[in-house]
Amino acid sequence: MLWQTEFNAPDNEPYNIVELTNTNGMRVQFMDWGATWLSCKVPVSGGLREVLLGCKVADYPHQTAYLGASVGRYANRIANAQFAMGQRMLQLVANQGKHQLHGGKEGFDKRRWKVDAYGPNFVRFSLVSLDGDQGFEGNVSAEVVYTLTDENSVKIEYGAESDKDTALNLTNHAYFNLENAVQGCDVRKHILRLNSDFYLPVDAEGIPNSSLKSVVDTSFDFRAEKLIAEDFQLGDQVVTKGYDHSFMVNQTGQGPCVLLTSPNKDLCLEVYTSQAALQVYTGNCLAGTPNREGNLYQDYHGIALETQCLPDTPNHPEWQHYGGMQKAGERYYQWTEFRFK
């Protein structure tokens with residue numbers, strides 16, 4: 001089902017919202033502004049539970065947490081908002097101090113995507129990013145398809161193509177709280193397991209400052225389930241107020257890369273992906289973000305599980321085989337599936 005709001009987006013046109021429902025009564029909503037995942041209501045104990053942080057539709061252009069948005073042209077950070085392309089140094093639009101975060105001041109999250117098609121269980125959005133957009137080279141045609149299955153999963157597929165070599169890294173920036181995503185509550189009481197043996201240390205500005213590091217004997221070891229709060233703000237987390245780090249996904253093809261479980265264990269989320277890495281962000285700077293009821297979320301009220309390549313890959317040739325740099329004319333395709341049980 002598609003409907004338009006009675007008020008306008010920043011481009012003076014109404015927002016288009018699509019709702020999908022499956023045979024179990026699960027309901028999800030998406031919006032063309034930012035190709036944003038607005039809501040995710042999962043059947044739990046005979047009712048529907050909202051598990052996705054969100055705000056009023058009119059607040060989306062003003063919130064700065066990237067709630068549920070499609071992020072690009074390059075998700076995560078590019079150091080000093082620049083990188084070398086052959087013999088040339090490209091200067092990007094900086095939007096987090098001297099660095100670029102999530103595609104710049106006018107990234108994909110701040111654009112109106114076209115609703116190409118929709119049906120009872122899917123919606124497809126598309127966007128054209130022109131050569132020079134936020135400093136990137138190449139005309140990029142991108143699309144995202146959201147599919148709701150009868151197994152209570154949401155699959156997100158990103159596709160794109162550029163007419164020039166370019167940096168490209170697309171993800172969704174949903175925040176999850178399996179206990180109370182409406183008002184928000186401390187997500188550190190959730191239980192987390194990650195299928196990952198290595199993480200990437202960063203400095204206080206979120207820029208990688210080391211090579212990949214083993215999780216063994218660190219607070220980043222989630223190979224066995226544990227409370228997020230158990231080793232919180234220890235070691236390399238201190239400078240980032242918690243987890244805001246990339247983890248390499250073990251490409252075993254067996255089991256999810258993430259298992260997130262609610263505090264009372266009545267709901268869990270499994271994440272599967274084609275991506276090489278996963279940014280785990282515990283909402284360390286969420287305070288002041290509006291919620292759907294007109295109140296404010298606080299720090300640590302949600303966890304973002306952003307499947308993507310490694311941050312700052314354009315400045316690290318040694319990581320580029322994991323993704324992040326796209327050849328002209330080659331098809332970009334990545335998928336992620338969020339399964340609720």
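Glu270 stands opposite Arg339, a residue of strand 28. I begin with this pair, in what is a predicted model. The two strands concerned are strand 24, residues 268–273, and strand 28, residues 332–340, and five bridges join them in the antiparallel sense.

Where do strands 24 and 28 belong in the wider arrangement? They are part of an open sheet of nine strands, whose order is 11-12-13-14-28-24-23-18-21, with antiparallel pairing. Strand 11, at 114–118, and strand 21, at 226–227, are the edge strands, and each of them pairs on one side only. As a general point, strands of a sheet pair through backbone hydrogen bonds, and they may do so in a parallel or an antiparallel manner.

I turn now to strand 25, which covers residues 277–281. Is this strand enclosed or open to the surroundings? Five of its five residues are buried, so strand 25 is largely enclosed by the rest of the structure. Ala277, Gln279 and Tyr281 point one way from the strand, while Leu278 and Val280 point the other way.

Which strands pair with strand 25? One is strand 22, residues 244–248, which runs antiparallel to strand 25 and is joined to it by five bridges. Another is strand 26, residues 303–308, again paired in the antiparallel sense over five bridges. Leu278 illustrates both pairings: Phe247 stands opposite Leu278, and Leu278 also stands opposite Thr307 in strand 26.

Next, the annotated positions. An unreviewed UniProt entry lists Asn76, Arg77, His173, Ala174, Tyr175 and Asp244 under "binding site". Of these residues, Asn76, Arg77, His173, Tyr175 and Asp244 are included in the lining of the largest pocket.

Two of the listed residues deserve a closer look. Asp244 has its place in strand 22. With a relative accessible area of 13%, Asp244 is buried, because that value falls under the 20% cut-off. Setting aside neighbours within four places in sequence, Asp244 is in contact with Arg77, Val202, Gln279, Val280, Tyr281 and Asn284. Among these contacts, Gln279, Val280 and Tyr281 bring us back to strand 25.

Tyr175 lies in strand 17, residues 175–176. Tyr175 is also buried, with a relative accessible area of 3%. What does Tyr175 touch, not counting residues up to four places away in sequence? Its contacts include Val51, Leu52 and Leu53, together with Ala65, Tyr66 and Leu67. Further contacts of Tyr175 include Tyr281, Gly283, Leu286, Gly302, Ile303 and Ala304. Tyr281 therefore appears in the contacts of Tyr175 and in those of Asp244.

Key. Residues are numbered from 1 along each chain as its sequence is written. This is a predicted model: local features need pLDDT of at least 70, side-chain atom pairs count only at pLDDT 80 or more; totals for chains, interfaces and linings use all residues. Side-chain values use heavy atoms; hydrogens and water are left out. Buried means under 20% relative accessible area, exposed over 50%, partly exposed in between (1.4 Å probe, protein chains only). Helices (H or I, at least four residues) and strands (E, at least two) are DSSP runs, numbered from the N terminus. Two strands pair if DSSP finds at least two bridges between them. UniProt positions are given in the numbering used here, feature names are shortened, and annotations may be inferred rather than shown by experiment. On a 1 Å grid over the protein atoms alone, a cavity is a set of points where a 1.4 Å probe fits but cannot get out, and a pocket is an open set with protein on both sides within 12 Å along at least five of seven lines; lining residues have an atom within 4 Å of a point. Contact means heavy atoms within 4.5 Å.
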